[in-house]
Amino acid sequence: LKTRDRLGLIRDVFALAENGTLSATEALTFAAHFKADTEYVIWSEIASNLATMHSLVAHEPYPADFEIFARSLFSEIRKKYTWGTKPKGHADALLKVLVLGALGKYGDEQICDEAKKFFAQGIEKVLADLRGVVYGIVARHGGETEYRKMTGMYKKMQLHEEKNRIGSALTNFRHHDLLEKTLHFALSDEVRLQDKTRMIAGVTVNPMGLDISWPWIQRNWKTFTSWYTG
């Protein structure tokens, strides 16, 4: 099948699972047949739907099993990419970022260990398009020490693109107290007005931030209306 037809199939199957016509199990089983695919648009669709499902089951007894399954989906495509792989084109570069990011998200030990080493030794050694992946992985599997280092980097960074990468990573931590700090940090003068909402939204879609973000938004609603009304 052509790429557009394969994309249409996987997109439709997940859509049917989302509205309840198919079960989530059927959609995931179908997705497993795409392991050998090499097109970015296909993997982008799979990764997006996996992330949605992952957030929905985060508080169930089986997220670890889901993560094992997710890593298995990427078992073939991961053979194509390492941190040092040189992409052959724009789509290939996007796919590399997606694959490494997904493997880190779902706890691939090798990818996570390498990301932590890059972060410890100096992020300058990492290509710009992969820095967001490194930050995200370190945050997802990190704690107070990593959080302090990232906020310090954010404050010192001059390049706004890099600030946005770090700001996004600050929403990936899995500890309530750190996510609460991110929400308060978003209100501070350190974060530009146009970047505050992005940071806050990142906490709201983090399963670990669900129970703290909405009450916090309600408490600060007058502040938001004073900033953004108009």
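How are α10 and α11 oriented to each other, roughly parallel or roughly antiparallel?

1. The model under discussion is a predicted one. In it, the axes of α10 (176-187) and α11 (193-204) approach within 9 Å and cross at roughly 165°. The two helices, α10 and α11, are therefore roughly antiparallel to each other, since angles over 145 degrees fall in that class. The crossing of α10 past α11 is left-handed. On the α10 side, the contact is formed by Leu 179, Thr 182, Leu 183, Phe 185, Ala 186 and Leu 187, and on the α11 side by Lys 196, Met 199, Ile 200 and Val 203. Sorted by class, these residues comprise eight nonpolar, one polar and one charged.

2. Helix α12, residues 210-219, buries Ile 212, Ser 213, Trp 216 and Ile 217. Viewed down the axis of α12, these buried residues fall within an arc of 125°, so they line one face of the helix. An α-helix has 3.6 residues a turn, so residues three or four places apart point the same way. On the other side of α12, the exposed residues are Asp 211, Trp 214 and Arg 219. The two tryptophans of this description are thus to be read separately: Trp 216 is buried, whereas Trp 214 is exposed. The buried residues of α12 pack against α10, α11 and α13 (221-228).

3. Helix α9 spans residues 160-169, and its buried residues are Glu 162, Lys 163, Arg 165, Ile 166, Gly 167 and Ala 169. A reader may note that Glu 162, Lys 163 and Arg 165 are included in this buried set. The partners against which the buried residues of α9 pack are α7, α8 (144-156) and α11. Helix α11 accordingly appears in the packing of α9 and in that of α12.

4. Turning to the N-terminal helices, α1 (residues 3-18) packs with α3 at an angle of about 10°, the axes lying 9 Å apart. That angle makes α1 roughly parallel to α3. From α1, the contact draws on Thr 3, Arg 6, Leu 7, Ile 10, Arg 11 and Phe 14; from α3, it draws on Val 41, Ile 42, Glu 45, Ile 46, Asn 49 and Met 53. By class, the contact of α1 with α3 holds seven nonpolar, two polar and three charged residues.

5. Helices α2 (24-31) and α3 (40-56) also meet: their axes come within 12 Å and cross at roughly 150°. The crossing of α2 and α3 is left-handed. Ala 24, Ala 27, Leu 28 and Ala 31 of α2 make this contact with Ile 46, Leu 50 and Met 53 of α3. The contact of α2 with α3 consists of seven nonpolar residues, with no polar and no charged ones. Ile 46 and Met 53 of α3 take part in the contact with α2 and also in the contact with α1.

6. Within helix α1 lies Val 13. Val 13 has a relative accessible area of 11% and is buried, because the cut-off for that class is under 20%. Leaving aside residues up to four places away in sequence, Val 13 touches Leu 22, Ala 27 and Phe 30. Of these, Ala 27 belongs to α2 and is also part of the α2 contact with α3. Val 13 and Lys 222 are 209 residues apart in sequence, and their C-alpha atoms are 42 Å apart in space.

7. In helix α4, residues 63-73, the buried positions are Pro 63, Phe 66, Glu 67, Ala 70 and Leu 73. They cover an arc of only 110° around the axis, which puts them on the same side of α4. The elements that receive this buried side are α2, α3 and α7 (128-140).

8. Two loop residues complete the note. His 141 is placed in the loop between α7 and α8 and, at 27% relative accessibility, counts as partly exposed. Apart from residues up to four places away in sequence, His 141 touches Gly 104, Lys 105, Gly 107, Cys 112, Lys 116 and Arg 174. The C-alpha atoms of His 141 and Gly 104 are separated by 9.0 Å, although the two residues are 37 apart along the chain. Thr 85 sits in the loop between α4 and α5 (90-105). With residues up to four places away in sequence again excluded, Thr 85 touches Lys 80 and Lys 96. Thr 85 and Ile 123 are 38 residues apart in sequence and 17 Å apart from C-alpha to C-alpha.

Key:
Residues numbered from 1 in each chain as written. Predicted model: local features only at pLDDT ≥ 70, side-chain atom pairs only at ≥ 80, totals over all residues. Heavy atoms only, no water. Buried < 20%, exposed > 50% of the residue type's maximum accessible area, 1.4 Å probe, protein only. Helix = DSSP H or I, 4+ residues; strand = E, 2+ residues; numbered from the N terminus. Arc of directions from axis to C-beta. Contact = heavy atoms within 4.5 Å. Axes fitted to C-alpha atoms, helices over the stretch in contact; angles between N-to-C directions. Left-handed = near helix turned anticlockwise from the far one by under 90°. Nonpolar A, V, L, I, M, F, W, Y, C, P; charged D, E, K, R; others polar. Parallel < 35°, antiparallel > 145°, perpendicular 65-115°, else oblique.
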